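This report is for a reader who has not seen the structure before. Please look over the sequence and the model first.

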Amino acid sequence: MSGPDDTTVLEDGRDAIDLTADENADLCAGCTRCCETVSIEIDAPRSPWEYDQWIWVLHHRNLEIYLEKPEAWYLHIEAKCEQLKPNGHCAVYEERPVLCREYDPRGCERRAPLSDITAWFKTAADLERWLQEKRPAHWKRLVEHRRTRSGATGGGSALAHALVQLAEPKAHEPATRLRRGKR
Ligand code: SF4
Ligand code: SF4
């Protein structure tokens, strides 16, 4: 099945939630990508310890980070939804989360270029290179942070601290924002 042409997409003023299951299937024919990843908005790092934390995260398999204009940072996780059936359908379609219902496949990257994305870090080395090039002052502070902390012990407690920082939303902010995956 093929999707609607661009004119149909542009003229369709309905909310995403009003699309039928068949229309969703047509728009997404052959693709299940956004059911296979999770993106979580994170605080934009500024301090050396924050960069160090995200460099640590990027040393892990299946974790990536990307930036969108003007400066929104997202943790990108390659993790397939357990409700995605082998035929590409959703096993809980009628009861799927609101996040899924409100995701609009008419605006996904298969139809609109990801022009808002300014950088994508697949590895810690990618982030380090970007820092050196785009934020040399921050890179310098990170190098100094590493130098001054190189004798520090207690890696276990440092890891625990980083995990708490990742897991706990700040009291004055709404809970961590999630989005259906990119790419
Ligand atoms: S919304 Fe886009 S990325 Fe997601 S399944 Fe449909 S076509 Fe694929
Ligand atoms: S619940 Fe269904 S629509 Fe939502 S991510 Fe999982 S498979 Fe996709």
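The text below covers the overall make-up, the cores, the helix packing, the ligand surroundings and two points in the backbone.

**Overall make-up**

The model is predicted. The protein has 7 helices and 5 strands. Read from the N terminus, the elements follow the order α-α-β-α-β-β-α-β-α-α-α-β. The protein has 183 residues, of which 28% count as buried. Among contacts with a separation of 6 or more, 75% are between residues 24 or more positions apart.

**Nonpolar cores**

In soluble globular proteins, nonpolar side chains tend to be buried together. The largest nonpolar core of this model holds 18 residues. Within this core, the residues that touch the most other members are Trp54, Ile65, Trp73, Phe121, Leu127, Trp130 and Leu131. Two or more residues each come from α3, β2 (63-68), β3 (72-78), β4 (117-121), α5 and α6. The largest contribution is that of α3, which gives 5 residues. A second core, separate from this one, has 5 residues, including Tyr66, Ala72, Ile117 and Trp120.

Trp130 can be followed further. Apart from neighbours within four places in sequence, Trp130 is in contact with Leu67, Trp73, Ala119, Phe121 and Arg135.

**Helix packing**

Two packed helices are described by the angle between their axes and the distance between the axes. Helix α6 spans residues 136-148 and takes part in both pairs described here.

How do α5 and α6 cross? The axes of α5 (residues 124-134) and α6 come within 5 Å, and the crossing angle is roughly 125°. The two helices are therefore oblique to each other. On the α5 side the residues that meet α6 are Glu128, Leu131, Gln132, Glu133 and Lys134. Their partners in α6 are Pro136, His138, Trp139, Leu142 and Arg146. This contact comprises 4 nonpolar, 2 polar and 4 charged residues.

Helix α3 (residues 48-58) packs on α6 at an angle of about 80°, and the axes are 9 Å apart. This angle makes α3 roughly perpendicular to α6. Pro48, Trp49, Tyr51, Asp52 and Ile55 of α3 form one side of the contact. The other side consists of His138, Arg141, Leu142, His145 and Arg146 of α6. By class, the contact has 5 nonpolar, 2 polar and 3 charged residues.

**Ligand surroundings**

Ligand 1 is surrounded by Cys28, Cys31, Thr32, Arg33, Cys34, Tyr103, Pro105, Cys108 and Arg110. Around ligand 2 there are 9 residues, the closest being Cys35, Cys81, Leu84, Cys90 and Cys100. The table gives the classes in each shell.

| Shell | Nonpolar | Polar | Charged |
|---|---|---|---|
| Ligand 1 | 6 residues | 1 residue | 2 residues |
| Ligand 2 | 7 residues | 1 residue | 1 residue |

**Two points in the backbone**

Most residues other than glycine have a negative phi, and most peptide bonds are trans. Asn62 is not a glycine, yet its phi is positive, at about 70°. Asn62 lies in the loop between α3 and β2. Is Asn62 buried, partly exposed or exposed? Its relative accessibility is 43%, so Asn62 counts as partly exposed.

The peptide bond between Lys69 and Pro70 is cis, with omega at about -10°. Pro70 is in the loop between β2 and β3.

How values were computed
Residues are numbered from 1 along each chain as its sequence is written. Chains are lettered from A and ligands numbered from 1 in the order in which they are written. Side-chain values use heavy atoms; hydrogens and water are left out. Axes are lines fitted to C-alpha atoms, for helices over the stretch in contact, and angles run from 0 to 180 degrees between N-to-C directions. Helices (H or I, at least four residues) and strands (E, at least two) are DSSP runs, numbered from the N terminus. Angles under 35 degrees count as roughly parallel, over 145 as roughly antiparallel, 65 to 115 as roughly perpendicular and the rest as oblique. Contact means heavy atoms within 4.5 Å. Ala, Val, Leu, Ile, Met, Phe, Trp, Tyr, Cys and Pro count as nonpolar, Asp, Glu, Lys and Arg as charged, and the others, Gly among them, as polar. A residue is near a molecule or strand if one of its heavy atoms lies within 4 Å of it. A nonpolar core is a set of buried Ala, Val, Leu, Ile, Met, Phe, Trp, Tyr and Cys residues joined through side-chain atoms within 4.5 Å. Buried means under 20% relative accessible area, exposed over 50%, partly exposed in between (1.4 Å probe, protein chains only).
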